[in-house]
Amino acid sequence: DMSWKWRYQMTENLASNLDGDKFGVKDIYIFGSTKNATAASGSDVDILIHFTGNETQLDNLTNWLNGWSLSMSHINYLKTGYKTEGLLDIHIITDKDIENKSSFAQKINAITDPAKKLQMKKK
């Protein structure tokens, strides 16, 4: 099952189109089964968003990511026949989360199975 591969490639594409300044995003990471090449047809894609923006930016980012999530879900359905209501499992973290290593922020630079930073849109 190569479900992980196209998920990973789509997430890289998402990241490369993500305008950090526009959406208040400092970094984006992938973790979990897609990063580890074990995702199956029913797997979601776990991403971490290091967010530093305001409420308006967060609303806009959420809507933008929802579009990606629904599109990826539709691709998954076409490929596998497996229906989901979205494919992205999005975790928003802040500077404070990173500083305190709380929530999913502990995945950044973890000793075992760390989140992988993805390349965002170049300025």
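**Group meeting: T38 and the strands around it**

Okay, let's start with T38, which sits in the loop that links β1, residues 25–31, to β2, residues 45–51. Before I go on, keep in mind that this is a predicted model.

So, is T38 buried or exposed? Its relative accessible area is 55% and the cut-off for exposed is over 50%, so T38 counts as exposed. What does T38 touch, if we leave out residues up to four places away in sequence? Two residues come up there, W4 and S33.

Now compare T38 with D27. In sequence they are 11 residues apart, and C-alpha to C-alpha the distance is 24 Å.

D27 brings us to β1, residues 25–31. That strand is mostly covered, with six of its seven residues buried. Which strands does β1 pair with? One is β2: the two run antiparallel, and six bridges join them. If you want a pair to click on, take F31, whose bridge partner in β2 is D46. The other one I'd show you is β4, residues 116–118, which pairs with β1 over three bridges, again in the antiparallel sense. There, I28 stands opposite L118 of β4.

Okay, zooming out to the chain. We've got four helices and four strands. Reading from the N terminus, the order goes α-α-β-β-α-β-α-β.

How about overall dimensions? Along the principal axes, the C-alpha trace spans about 40 × 35 × 25 Å. The radius of gyration is 14 Å, and a compact globule of 123 residues would come out near 14 Å, so the chain agrees with that expectation.

On burial, 39% of the 123 residues count as buried. The accessible surface adds up to about 7,000 Å², and carbon and sulfur atoms account for 48% of that.

How much of the contact map joins residues at least 24 apart? Take the contacts between residues at least 6 apart in sequence, and 71% of them do.

Last slide, charges. I count 15 positive side chains and 15 negative ones, and the centres of those two sets lie 7 Å apart.

So, to wrap up where we began: T38 is exposed, in the loop between β1 and β2, while β1 has six of its seven residues buried and pairs antiparallel with β2 and with β4. That's me done, thanks.

Note on methods
Residues numbered from 1 in each chain as written. Predicted model: local features only at pLDDT ≥ 70, side-chain atom pairs only at ≥ 80, totals over all residues. Heavy atoms only, no water. Buried < 20%, exposed > 50% of the residue type's maximum accessible area, 1.4 Å probe, protein only. Contact = heavy atoms within 4.5 Å. Rg over C-alpha atoms; globule rule 2.2 N^0.38 Å. Areas by Shrake-Rupley, 256 points an atom, 1.4 Å probe, with all protein chains shown as cover. Lys, Arg positive; Asp, Glu negative; His and termini not counted. Charge placed at Lys NZ, Arg CZ, Asp CG, Glu CD. Pairing = 2+ DSSP bridges.
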